Amino acid sequence: QLKTSYEMANGFKAETSLAASVAKGRFNSTVIEAIEGVLGPYRLRGPNNERFIIVIAGSEKVFVDGQQLKRGFNNDYVIDYNLGEITFTNKVLITQFSRIRVDFEFSDRNYTRSILQASHYQSNDKFDFSLNYYREKDNENQPLAFDLTNEEKTILANVGDNLDQAFATRVDSIGFTPDLVLYRKTQGRDALGNIFEIFQYSTNPDSAHFAVQFTELGAGRGNYILVNSTANGRIFRWVAPVNGVLQGNFEPVSQLAAPNQRQMFTAGGGLKLNEYDRLDFEVATSIKDVNLFSKIDSDDDNGFAYKAIYQSKKRPVKALPDYKFNALLSYEFNNKHFSFIDRVRYIEFDRDWSFNSAELTEAFAENILNANLSVAKNRLNRLDYKLVRRKRGNAVDGFQHVLSGAKELGLLYIKTDLFVMQNDQALVNSEWTRWNADVSLRTKWFIPGYRYRLD
């Protein structure tokens, strides 16, 4: 990394940096389906549903019901980084309604991965300007743990972004070795008389010549099942389909890892209008290509976004000499293909709109209008109001009202927080109210009070 600070004409001070690295991991944010009363272990998966990943130590942030937990046997959870498994301690209550979300970095070690970053900032008393560039990209010509054949590259080129269809047969004729789990190639027949080429576990030196790698695809998606055996390894057995319905969950294939790329460029500026007011604007472009081998489905790789902010800070209030007035008005637009590098919203952002992104995979453009007003003396004497208007296709179309305040009246202290949300979705209309009120008498020796909570 190279970073330099310098002065420019017209009173500008500038800072420019350039960095490059070989990346150790990739970021992912995943939701875990909780099981009633089960503390774990819960397996973390990659962004393309990869089952076997290595989590980079110390990179995880675990949230349950919106609260970040602390790692450790004496705290909230423990994690096996090599297996990518999280187990909660008895201090955490897990029910079927628990909302578990984990942010983490993982190492898939499929391709050589590089990161490039560059930034430039400059400002004077009235104006500031910035440029930022970030790119993380796999080198498709330098796989680490495997070599792709031309046939496998063709498979990746033809599936586009549908990586769940990128499977290749994993059968290798190596001859007989007594210490390995080997299979013989034979034929099977279903109830309709259809003939299948199958692999059958064997210890016969004359026919057990094939090393076969199996992948779990899910119930009813494969022809093989895992069976109990005393052999030194896992044994899979072919099961005939019933009325054309597959009866197993394994297949002699493996999912091909596709090289990918994520990139973002932003340009922003700010103008100080006077002692209290300023105007800021930022535009951004993004690229998210999940399969660098394929040009298919590339029409959704490029995204665009912009945001404008007007804010007024610490403006005096004539009627209230000790209070300051603050205001903010912002508008954000993200087109339907825009992709953030990491999660930037707070952890319960979508839930506060009664929206589950996992249930609706269709992409929509997003519009967010945010207005904030506040009058504050200090944190114990303040009044804040926020209005949020969010429109995201059929998924979110609604308003949020957030009112919070606090006031000291001698020994009496009053605090309240009110949240009201209305969202007209495609299938349901959602309304949500949360209200917390706290009244207390702050005497020298003890604090009697009354607290009311509504959800």
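This report covers the second largest pocket and the salt bridges of a predicted model.

**The second largest pocket**

The second largest pocket holds about 1200 Å³ of space. It is lined by 41 residues, and those closest to its centre are Glu50, Arg51, Phe52, Ser254 and Gln255. Four elements give two or more residues to this lining: strand 10 (99–107), strand 11 (111–123), strand 18 (215–216) and strand 22 (253–255). By residue class, the lining of the second largest pocket divides into 16 nonpolar, 11 polar and 14 charged residues.

**Salt bridges**

The structure holds 21 salt bridges. The table gives three of them, with the N to O distance and the relative accessibility of each partner.

| Pair | N to O distance | Relative accessibility of the partners |
|---|---|---|
| Glu85 and Arg43 | 3.0 Å | Glu85 19%, Arg43 29% |
| Glu348 and Arg99 | 2.4 Å | Glu348 15%, Arg99 27% |
| Lys391 and Asp397 | 3.5 Å | Lys391 32%, Asp397 21% |

Glu85 forms a salt bridge with Arg43, with the closest N and O atoms 3.0 Å apart. This pair links distant parts of the chain, since Glu85 belongs to strand 9 (residues 85–88) and Arg43 to strand 4 (residues 42–43), 42 residues apart. Glu85 counts as buried because its relative accessibility, 19%, is under 20%. Arg43, at 29%, counts as partly exposed.

In the second pair of the table, the side chains of Glu348 and Arg99 meet at 2.4 Å, N to O. Glu348 lies in the loop between strand 26 (320–334) and strand 27 (366–378), while Arg99 lies in strand 10, so the salt bridge ties together parts that are 249 residues apart in sequence. Strand 10 is also one of the elements that give two or more residues to the lining of the second largest pocket. Glu348 is buried, with a relative accessible area of 15%, and Arg99 is partly exposed at 27%.

The third pair consists of Lys391 and Asp397, whose side chains meet in a salt bridge of 3.5 Å, N to O. Lys391 counts as partly exposed at 32% relative accessibility. Asp397 also counts as partly exposed, because its value of 21% is not under the 20% that marks a buried residue.

Beyond these pairs, salt bridges that share partners join Glu332, Arg345, Asp350, Glu366 and Arg390 into one network.

Definitions and conventions
Residues numbered from 1 in each chain as written. Predicted model: local features only at pLDDT ≥ 70, side-chain atom pairs only at ≥ 80, totals over all residues. Heavy atoms only, no water. 1 Å grid on protein atoms, 1.4 Å probe; cavity = no way out; pocket = protein on both sides within 12 Å on 5 of 7 lines; lining within 4 Å. Points joined across faces, edges and corners; volume = space filled by probe spheres on them. Nonpolar A, V, L, I, M, F, W, Y, C, P; charged D, E, K, R; others polar. Salt bridge = Lys/Arg side-chain N within 4 Å of Asp/Glu carboxyl O. Buried < 20%, exposed > 50% of the residue type's maximum accessible area, 1.4 Å probe, protein only.
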